[in-house]
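These are my notes from a session with one structure, kept in the order in which I looked things up.

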Amino acid sequence: MEALGGYPTRSSNPKAKKLTVLLSMTVGVGCLFLLQTQLLKPRRPSDFYSFEVKDAKGRTVSLEKYRGKASLVVNVASYSEQTEGNYRYLQELHRELGTSHFNVLAFPCGQFGDTEPGTSRDSEAFAKATYGVTFPFFNRIKIMGSEAEPAFRFLTDSVHKVPKWNFWKFLVNPEGKVVRFWRTDEPLESIRQEVTTLAFP
């Protein structure tokens, strides 16, 4: 049968209609699912101070409390050849610049031989008793591999370098961005000027 104008009429096909409706619903549900997962996906912290970490006693601490200050973040160890020189220098820097503008933040790490064999509390107690340190100590962490502490991974990703030994130092500005790092063997005195300039612009 022909419709007006000479074109054949389309026969209605119930199966095709059902298939079209089903396909539309599937696509719609799929789009909603993708949208929901994007909206609910936790945002990746955009700076160092956006992270939460554990302190030496295992309590959760927001690094947000250090925002607005410069921070020197260090992977520390109790029994390394560099321990004494570093702890004495870091404490001097921490005391000299004051916590209103600057902090040394210590993260014990046991991934380099037997240089940090104890617990986080052991590391903190040893540093306080032996070197009189007063800067904050955090939970013992890993800085290499898949179990690396996310906050520390942010530092290493920022400079595209992973520490090869203890006492690497990452200078974080008041906005939480990494601006410089120093390897273990670099002269400690080279740090003071840059830290001071950042803490007291």
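Before reading any strand pairing I fixed the term: two strands pair if DSSP finds at least two bridges between them. I also noted at the outset that this is a predicted model.

**Entry 1: strand pairing**

With that term in hand I looked up Asn75 and found that its bridge partner in β4 is Phe107. The two strands concerned, β3 and β4, pair in the parallel sense, and I noted seven bridges for them. On the β5 side I found Leu72 bridged to Leu171, and here β3 and β5 run antiparallel, joined by four bridges. I then wrote down the sheet as a whole: it is open, has four strands in the order β4-β3-β5-β6, and its pairing is mixed. At its edges stand β4 and β6 (178–182), each with a single partner strand, so one side of each has no neighbour in the sheet. Ignoring direction, I recorded an average turn of 20 degrees between neighbouring strands of this sheet.

**Entry 2: the edge strand β4**

Is β4 enclosed by the rest of the structure or left open? I found seven of its seven residues buried, so β4 is largely enclosed by the rest of the structure. I checked the faces separately and found both covered, with Phe102, Val104, Ala106 and Pro108 buried on one side, and Asn103, Leu105 and Phe107 buried on the other.

**Entry 3: helix α2**

I next followed the connection between the two parallel strands, and noted that β3, α2 and β4 make a right-handed β-α-β unit. As a check on the helix geometry I took the 15 residues of α2 (residues 83–97), which at 1.5 Å a residue should span 21 Å, and the end C-alpha atoms are indeed 21 Å apart, which agrees. The buried residues of α2 include Tyr87, Leu90, Leu93 and Leu97, and the polar Thr83, Asn86, Gln91 and His94 are on that list as well. What covers these buried residues includes β3 (70–76) and β4 (102–108), and also α3 (120–131), β5 (169–172) and α5 (189–199). Just after the helix I found Gly98 with a positive phi of about 75 degrees.

**Entry 4: aromatic rings**

For this entry I kept in mind that a pair of aromatic rings is described by the distance of the centres and the angle of the planes. I counted 16 aromatic pairs in the structure. One of them is Tyr79 with Phe126, a tilted pair with 5.1 Å centre to centre and 45 degrees between the planes. Tyr79 lies in the loop between β3 and α2 and Phe126 in helix α3, so this pair ties together parts that are 47 residues apart in sequence. I read Tyr79 as exposed, at 52% relative accessibility, and Phe126 as partly exposed, at 22%. I then turned to Trp168 and Phe181, a stacked pair with 5.6 Å centre to centre and 15 degrees between the planes. This pair links distant parts of the chain, with Trp168 in the loop between α4 (150–159) and β5 and Phe181 in strand β6, 13 residues apart. Trp168 counts as buried at 4% relative accessibility, and Phe181 counts as buried at 16% because the cut-off is under 20%. Both rings belong to one aromatic cluster, formed by Tyr66, Phe107, Phe138, Phe152, Trp168, Phe170 and Phe181.

**Entry 5: two loop residues**

I looked up Asn173 in the loop between β5 and β6, and found it buried, with a relative accessible area of 11%. Leaving aside residues up to four places away in sequence, Asn173 touches Tyr49, Lys69, Val179 and Leu198. Met144, in the loop between α3 and α4, is partly exposed, with a relative accessible area of 30%. With the same exclusion of residues up to four places away, Met144 touches Gln111, Phe112, Val162 and Pro163. I also noted that the C-alpha atoms of Met144 and Lys164, which are 20 residues apart along the chain, are separated by 9.3 Å.

**Entry 6: the whole chain**

I closed with the overall picture: the protein chain has five helices and six strands, following the pattern α-β-β-β-α-β-α-α-β-β-α along the sequence. Of its 201 residues, 40% are buried. Among contacts between residues at least 6 apart in sequence, I noted that 66% join residues at least 24 apart.

Definitions and conventions:
Residues are numbered from 1 along each chain as its sequence is written. This is a predicted model: local features need pLDDT of at least 70, side-chain atom pairs count only at pLDDT 80 or more; totals for chains, interfaces and linings use all residues. Side-chain values use heavy atoms; hydrogens and water are left out. The expected span of a helix is 1.5 Å times one less than its number of residues. Buried means under 20% relative accessible area, exposed over 50%, partly exposed in between (1.4 Å probe, protein chains only). Contact means heavy atoms within 4.5 Å. A crossover is right-handed if, with the strands pointing away from the viewer, the path from the first strand over the helix to the second runs clockwise. Axes are lines fitted to C-alpha atoms, for helices over the stretch in contact, and angles run from 0 to 180 degrees between N-to-C directions. Rings of Phe, Tyr and Trp (its six-membered ring) pair if their centres lie within 6.5 Å; planes under 30 degrees apart count as stacked, over 60 as edge-to-face and the rest as tilted.
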